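Reader: I am new to this structure and would like a close look at a single part of it. Please choose one residue, and explain where it sits and what it is joined to.

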Amino acid sequence: MGMFTALNSSASALTAQRLKMDVTSSNIANADSAHGTMVNGKWEPYRRKMVVTSPNENSFNSLFQSAKGVGGVKVNGIVEDKTPFKTVYQPDHPDADADGYVRLPNVDPLKEMVDLVSTTRSYEANVTALNAAKGIYLKSLEIGR
């Protein structure tokens, strides 16, 4: 177990949480975007995006058993949510189909705000852990004087 394992673990978590906040903010900003991407010559609404993470290296239990230390978290990628789009009856909308329905993004602003608050709390917890480790390292250096 290296001396800076706690710092590396918190740093990787901070990076992942920051990306989650950015993606969630993008989802909120595009919650009403009827034009997202062009698919087969037609505009599709914006699709909700999600960050996929996993433990860095091995699982915590195997790391605990082998006393290698905690490996942190890594981002595996950003994926699109495949839930169906919302449909709203708006016959005057330029993107309305022949029946007058408009497909809107599969973004639920309430769910995104909950995700954003949760991610912010995780980010703050990792900052606290980082500062605690930093304080321990500084005290250790003072003892050596």
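Author: The account below begins with the whole chain, goes on to one residue and its partners, and ends with two helices.

This is a predicted model, in which local features need pLDDT of at least 70 and side-chain atom pairs count only at pLDDT 80 or more, while totals for chains, interfaces and linings use all residues. Residues are numbered from 1 along each chain as its sequence is written, and side-chain values use heavy atoms, with hydrogens and water left out.

The protein chain has three helices and six strands; these are DSSP runs numbered from the N terminus, with at least four residues for a helix (H or I) and at least two for a strand (E). Read from the N terminus, the order of elements is α-β-β-β-α-β-β-β-α. Of the 145 residues in the protein chain, 28% are buried. Buried stands for under 20% relative accessible area, exposed for over 50%, and partly exposed for what lies in between, with a 1.4 Å probe and protein chains only. The accessible surface of the protein chain is about 9600 Å², and carbon and sulfur atoms hold 57% of that surface; the areas come from the Shrake-Rupley method with a 1.4 Å probe, and for residues only the protein chains shown count as cover. Among contacts in the protein chain with a separation of 6 or more, 61% are between residues 24 or more positions apart, where contact means heavy atoms within 4.5 Å.

The residue chosen here is Arg48. It lies in the loop that runs from strand E2 (42–44) to strand E3 (49–55). With a relative accessible area of 6%, Arg48 is buried. Its contacts, when neighbours within four places in sequence are set aside, are Asn27, Val79, Glu80, Asp81, Asn106, Val107, Lys111, Glu112 and Asp115.

Two of these contacts, Asp81 and Asp115, form salt bridges with Arg48. A salt bridge is counted when a side-chain nitrogen of Lys or Arg is within 4 Å of a carboxyl oxygen of Asp or Glu, and the structure holds eight of them. Between the side chains of Asp81 and Arg48 the N to O distance is 3.4 Å. Asp81 is in the loop between E4 and strand E5 (86–89) and Arg48 in the loop between E2 and E3, so this pair ties together parts 33 residues apart in sequence. Asp81 and Arg48 are both buried.

The salt bridge between the side chains of Arg48 and Asp115 has an N to O distance of 3.1 Å. This pair links distant parts of the chain, with Arg48 in the loop between E2 and E3 and Asp115 in helix H3, 67 residues apart. Asp115 counts as partly exposed, because its relative accessibility is 27%. The side chains of Arg48 and Asp115 are also joined by a polar contact of 3.1 Å. A polar contact is a pair of N or O atoms within 3.5 Å; within protein, one must be able to donate a hydrogen and the other to accept it, and residues adjacent in sequence count only if both atoms are side-chain atoms.

Another salt bridge joins the side chains of Glu80 and Lys49, at 3.8 Å from N to O. Glu80 belongs to strand E4 and Lys49 to strand E3, so this pair ties together parts 31 residues apart in sequence. Glu80 is partly exposed at a relative accessible area of 36%, and Lys49 is partly exposed at 26%. Through salt bridges that share partners, Arg48, Asp81, Glu112 and Asp115 form one network.

Two residues of this network, Glu112 and Asp115, bring in helix H3 (109–143). H3 has 35 residues and reaches 51 Å from its first C-alpha to its last, close to the expected 51 Å at 1.5 Å a residue; the expected span is 1.5 Å times one less than the number of residues. The buried residues of H3 are Glu112, Leu116, Thr119, Asn126, Ala133 and Tyr137. Their cover includes H1.

Asn27, a contact of Arg48, is one of the buried residues of H1. Helix H1 spans residues 5–29 and has 25 residues. What covers the buried residues of H1 includes E3, strand E4 (73–80) and H3. Leu130, in helix H3, touches Leu7, Ser10 and Leu14, not counting residues up to four places away in sequence. Leu130 and Leu14 are 116 residues apart along the chain, and their C-alpha atoms are separated by 9.5 Å.
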